[in-house]
Amino acid sequence: MFSLDQILTVSFTLFAVIDILGSIPILLSLKEKIGEINAVKATVASGLLMVLFLWVGQAFLKLMSVDLQSFAVAGSIVIFIIGLEMILGIEFFKSDQDTKTGSLVPIAFPLIAGSGTLTTIMSLKADFGDYNILAGIVLNLIVIYIVLRSLSWIERILGKAGLMVVRKFFGVILLAIAVRIFKSNIGTL
């Protein structure tokens, strides 16, 4: 049933796709815009989305007549817009100062449990057992929670100038990731 090798492989794969450490500048930018991020809500919402997609993702997309590639392209567009916000300092996602929704959109979805993560979870089902994938998801959720809870500390360490440099740099990286996701899925539509 449980396989340590499978759990480790799934965990590292999801860790790379979720890239919570690389998302720190984005999270800090969103935190500045919406106020405090509710780490528990964002982690739980992300976890629920991942587990839901593990068991019913393909059926849900099929029910909505949406293929996996279209879902990935839509997610890449949202990620691209977030990257533009970081680089240009223009606000596309208008803040309503409601930390309840800010912790869920765009943090839980599409940043943490976005199209790349959800697509990866569904594709892992071909090679790994559901319980091993679930264990990998839980391990990643622990890391996500720790990072979200540590954002204020990370912000103090980097300072205002450091945050601006890191935000611009990772904005460009985020644009590149969005373009890669878009490019790899647009040809298959």
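Buried here means under 20% relative accessible area. The legends below describe a predicted model.

**View A. Helix 8 and its bend at Gly159.** Helix 8 runs from residue 151 to residue 186. Its end C-alpha atoms are only 35 Å apart, whereas a straight helix of 36 residues would span 52 Å at 1.5 Å a residue. At Gly159 helix 8 bends by about 100°. Leu151, Ile154, Leu163, Arg167, Gly171, Leu174, Leu175, Ala178, Ile181 and Asn185 are the buried residues of helix 8. These buried residues pack against helix 2 (24–34), helix 4 and helix 7 (130–149).

**View B. Helix 4 and its two ends.** Helix 4 comprises 21 residues, 68–88. From first to last C-alpha helix 4 reaches 30 Å, close to the 30 Å expected at 1.5 Å a residue. The N-terminal end is capped by Asp67, with a side-chain oxygen 3.1 Å from the backbone nitrogen of Gln69. Just beyond the other end, Gly89 adopts a positive phi of about 70°. The buried residues of helix 4 include Phe71, Ile79, Ile82, Gly83, Glu85 and Met86.

**View C. Surroundings of Ile26 in helix 2.** Ile26 is buried because its relative accessible area is 2%, and the cut-off is 20%. Residues up to four places away in sequence aside, Ile26 touches Ile82, Met86, Leu111 and Leu174. Two of these partners, Ile82 and Met86, are among the buried residues of helix 4, and Leu174 is among those of helix 8. The C-alpha atom of Ile26 lies 8.0 Å from that of Gly83, although 57 residues separate the two along the chain.

**View D. Thr120 in helix 6.** Helix 6 covers residues 115–124 and contains Thr120. With a relative accessible area of 14%, Thr120 is buried. Its contacts, leaving aside neighbours within four places in sequence, are with Thr13, Leu14 and Val17.

**View E. The largest pocket.** The space in this pocket amounts to about 440 Å³. Its lining consists of 26 residues, and Val17, Gly116, Ile177, Arg180 and Ile181 lie nearest the centre. Val17 is also a contact of Thr120, and Ile181 is one of the buried residues of helix 8. At least two lining residues come from each of helix 1 (4–18), helix 4, helix 5 (99–112), helix 6 and helix 8. Helix 8 contributes the most, with eight residues.

How values were computed:
Residues numbered from 1 in each chain as written. Predicted model: local features only at pLDDT ≥ 70, side-chain atom pairs only at ≥ 80, totals over all residues. Heavy atoms only, no water. Helix = DSSP H or I, 4+ residues; strand = E, 2+ residues; numbered from the N terminus. Expected span 1.5 Å × (residues − 1). Buried < 20%, exposed > 50% of the residue type's maximum accessible area, 1.4 Å probe, protein only. Polar contact = N/O pair within 3.5 Å; in protein donor to acceptor, adjacent residues only side chain to side chain. Bend = angle between axes of the 7 residues up to and from the residue. Contact = heavy atoms within 4.5 Å. 1 Å grid on protein atoms, 1.4 Å probe; cavity = no way out; pocket = protein on both sides within 12 Å on 5 of 7 lines; lining within 4 Å. Points joined across faces, edges and corners; volume = space filled by probe spheres on them.
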